[in-house]
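Q: I have a model open and would like to learn how to read it feature by feature. Could you walk me through it?

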Amino acid sequence: MSTHPDFLPQSHRRSTENILLNIGLYLGSLLIISAAGLLATSLATAPQQAFLLCALAALFYTAGLGTFRWVPKLRLASYAFTGTALALIPLCGFAFYTLIWLESGPLVWLLVSCIGTLAACGALALMQARVMSYLALAFLVSDVLAMSKNLQVALIWYFVALLVLATALTLWLRAFQDRMPTQLAAGFLDASRIFVPVTVGAALFYTSLAPWEISIIAALAALYAGAQLRQPPTWLYYLQVRIYSLLAVATLALWLHERSVTSFPFSIPVA
């Protein structure tokens, strides 16, 4: 059979064209982001630079959602416009921190992260695209990390906060599956398979944690894995439930033993 392009199926040809168009659009988005940064730095005053970046991000975001909603033929371009706007949001936060608000970097981080979360969730609700689910999840993770930074806790609690987020979203997904966008749920499941085991492993090697703290972390991980038992591969989540539960019980028993030795340092001889 001939492999000449004229004999290729129409659907395959269209799929190839869409892939090439997506690549071109995202490369163009990177150039637009670079041009926006250069344009902002060319202005005279610092507030103008920061506010111009914010205006550009709002313009691209509005153009992306408007194009998706009212011009169906340009929906591929709408993804690029919206993704460009979401990529500009962290740059806007960095500009505000370096040019205007030098006193509180963690607070700027938290505010910008919350704005990005709202923007990404709004785009996800309209577009129902998988790439938007990953962006929304990235901003949710950023929210948790920024809140941990503002509370000035140790590095391990950044990971614990992510574990709490994973467990809460998993339980919400089990109870109200129809109320969470399918793409957001898929993106969350893909990401949580990585950072939940990483969190438990980091807790074991972090020497400053008490055994009861490790027990709580392991119990949360066991709860997360138990809620995921219906997800493939089932055997992997079943194994995680057994390991995390055993770890939680073992560390709690160790902590109770240490407490009992501290509270009763003297043994009573028994004849």
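What follows is a conversation about the fold, the confidence, the pockets and a few residues of this predicted model.

Q: Let's start with the fold. How many helices and strands does the protein have?

A: A good habit is to list the elements before looking at details. Here the protein has nine helices and zero strands, and from the N terminus on the order reads α-α-α-α-α-α-α-α-α.

Q: And what share of the contacts with a separation of 6 or more comes from residues 24 or more positions apart?

A: That share is 66% in this protein. As for burial, 36% of the 271 residues are buried. The accessible surface comes to about 16,200 Å², and carbon and sulfur atoms hold 72% of that surface.

Q: This is a prediction, then. What is the mean pLDDT of the protein?

A: With a predicted model, confidence is best read at several levels. For the whole protein the mean pLDDT is 78, and 82% of the residues reach 70 or more. Among the elements, helix α1 (residues 10-41) has the lowest mean, 70, while α4 has the highest, 88. Then there is the stretch of residues 266-271, where the pLDDT is below 50 and the model shows zero contacts beyond near neighbours in sequence.

Q: Now for empty space. What is the idea behind looking for pockets?

A: Rolling a probe the size of a water molecule over the atoms shows where empty space is left. In this model, the largest pocket holds about 310 Å³ of space, and about 170 Å³ lies in the second largest.

Q: Which residues lie nearest the centre of the largest pocket?

A: Those are Cys 54, Ile 89, Cys 92, Val 112 and Ile 115, out of a lining of 15 residues. Helices α2 (46-70), α3 (75-99) and α4 (105-127) each supply at least two residues of this lining. By class, the lining has 14 nonpolar residues, one polar and no charged.

Q: Which element gives the most to the lining of the second largest pocket?

A: The answer is α4, with six residues. Helices α3, α4 and α5 (130-151) each contribute at least two residues to this lining. Among the lining residues are Pro 90, Tyr 97, Trp 109, Phe 139 and Ser 142. Val 112, one of those nearest the centre of the largest pocket, also lines the second largest. In terms of class, the second lining contains eight nonpolar, four polar and no charged residues.

Q: Let's move to single residues. Is Gln 240 buried or exposed?

A: For any residue, I would place it in its element, check its accessibility and then list its contacts. Gln 240 sits in helix α9 (residues 234-263). The residue counts as buried because its relative accessible area is 11%, and the cut-off for buried is under 20%. Leaving out residues up to four places away in sequence, Gln 240 touches Pro 197 and Ala 225.

Q: What does the picture look like from Pro 197, and which residues is it in contact with?

A: Pro 197 belongs to helix α7 and is partly exposed, at 31% relative accessibility. Beyond its neighbours within four places in sequence, Pro 197 is in contact with Ser 192, Gln 240 and Tyr 244. Pro 197 and Ala 225 are 28 residues apart in sequence, with 10.0 Å between their C-alpha atoms.

Q: How do I read such pairs, where sequence and space are set side by side?

A: Take the two separations together. Leu 236, in helix α9, is 11 residues from Ala 225 in sequence and 9.0 Å from Ala 225 in space, C-alpha to C-alpha. Ala 219, in helix α8 (residues 211-227), is 30 residues from Val 249 along the chain and 8.5 Å away by C-alpha atoms. Leu 236 is partly exposed at 32% relative accessibility, and Ala 219 is partly exposed at 39%.

Q: Where is Ser 208 placed, and is Ser 208 buried or exposed?

A: Ser 208 is in the loop between α7 (182-205) and α8. Its relative accessible area is 58%, so Ser 208 is exposed, the cut-off for exposed being over 50%. Ser 208 and Ile 156 are 52 residues apart in sequence, and their C-alpha atoms are 9.4 Å apart in space.

Methods: Residues numbered from 1 in each chain as written. Predicted model: local features only at pLDDT ≥ 70, side-chain atom pairs only at ≥ 80, totals over all residues. Heavy atoms only, no water. Helix = DSSP H or I, 4+ residues; strand = E, 2+ residues; numbered from the N terminus. Buried < 20%, exposed > 50% of the residue type's maximum accessible area, 1.4 Å probe, protein only. 1 Å grid on protein atoms, 1.4 Å probe; cavity = no way out; pocket = protein on both sides within 12 Å on 5 of 7 lines; lining within 4 Å. Points joined across faces, edges and corners; volume = space filled by probe spheres on them. Nonpolar A, V, L, I, M, F, W, Y, C, P; charged D, E, K, R; others polar. Contact = heavy atoms within 4.5 Å. Areas by Shrake-Rupley, 256 points an atom, 1.4 Å probe, with all protein chains shown as cover. pLDDT = per-residue confidence, 0-100.
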